[in-house]
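This report describes one protein model, beginning with its overall make-up and then turning to the groupings of side chains on its surface.

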Amino acid sequence: MGTWKLVDTPRDCTPLPGVWSYRVKRDRDGNISKYKARWCSSGDMQMPWEYNNTYSPTSRFAAVQTIIATAAQEGMELHHWDIQGAFCTSDVDTEIYMRQPTGYALPE
């Protein structure tokens, strides 16, 4: 996939710790079809100067009110949906260093 590579951490960098996320996938009949595991960064370990950064898109209440009012005035229907994977697949414009999982070793 090419999403990561094992490198030495730069001197001025503190790698983020990670946590395993496990999931059991089931088929239509409820039988286990596969096990999935993902190594995720601990997002709560931001540096103090990054606390005011927002990493997910949000909207102001006034903008939502305007959209609802316009839709009501024009007789339009509003639909809402969540995209759970949007943050997971977004582009990152900075390098992120993480600690490798305990027990991970490069194959010889």
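Of the 108 residues of this protein, 5% count as buried, a value that, like every other given here, was computed from a predicted model. The protein has 1 helix and 2 strands, and, read from the N terminus on, these elements follow the order β-β-α.

The strands can be approached through two of their residues. Val 24 is found in strand S1, which covers residues 18-26, while Lys 36 is found in strand S2. Although Val 24 and Lys 36 are 12 residues apart along the chain, their C-alpha atoms are separated by 6.2 Å.

Lys 36 also takes part in a patch of positive charge on the surface, where it gathers with Arg 23, Lys 34 and Arg 38. Strand S2, residues 32-41, supplies the largest share of this positive patch, namely 3 residues.

Aromatic side chains form a further grouping. The count of aromatic pairs comes to 2, and one of them joins Trp 20 and Tyr 22 in a stacked arrangement, with 6.2 Å from centre to centre and 20 degrees between the planes. Trp 20 and Tyr 22 belong, together with Trp 39, to one aromatic cluster. The two partners of the stacked pair fall into separate classes of accessibility: Trp 20 is partly exposed, with a relative accessible area of 38%, whereas Tyr 22 counts as exposed because its relative accessibility is 64%, and the limit for that class is over 50%.

A nonpolar patch is also present on the surface, formed by Phe 61, Val 64, Ile 67, Ile 68 and Leu 78, which together have about 490 Å² of accessible area. One of these residues, Val 64, lies in helix H1, which covers residues 61-74. At 32% relative accessibility, Val 64 counts as partly exposed, since that class lies between the 20% limit for buried residues and the 50% limit for exposed ones.

The table below collects the relative accessibility of residues named above.

| Residue | Relative accessibility | Class |
|---|---|---|
| Trp 20 | 38% | partly exposed |
| Tyr 22 | 64% | exposed |
| Val 24 | 37% | partly exposed |
| Lys 36 | 42% | partly exposed |
| Val 64 | 32% | partly exposed |

Which class, then, holds Lys 36 of the positive patch? Lys 36 counts as partly exposed because its relative accessibility is 42%, and Val 24 of strand S1 is likewise partly exposed, at 37%.

Methods: Residues numbered from 1 in each chain as written. Predicted model: local features only at pLDDT ≥ 70, side-chain atom pairs only at ≥ 80, totals over all residues. Heavy atoms only, no water. Patch = residues over 30% accessible without salt bridge, like charges linked within 9 Å, V, L, I, M, F, W, Y side chains within 5 Å. Areas by Shrake-Rupley, 256 points an atom, 1.4 Å probe, with all protein chains shown as cover. Salt bridge = Lys/Arg side-chain N within 4 Å of Asp/Glu carboxyl O. Lys, Arg positive; Asp, Glu negative; His and termini not counted. Charge placed at Lys NZ, Arg CZ, Asp CG, Glu CD. Helix = DSSP H or I, 4+ residues; strand = E, 2+ residues; numbered from the N terminus. Buried < 20%, exposed > 50% of the residue type's maximum accessible area, 1.4 Å probe, protein only. Phe/Tyr/Trp six-rings, centres within 6.5 Å; stacked < 30°, edge-to-face > 60°.
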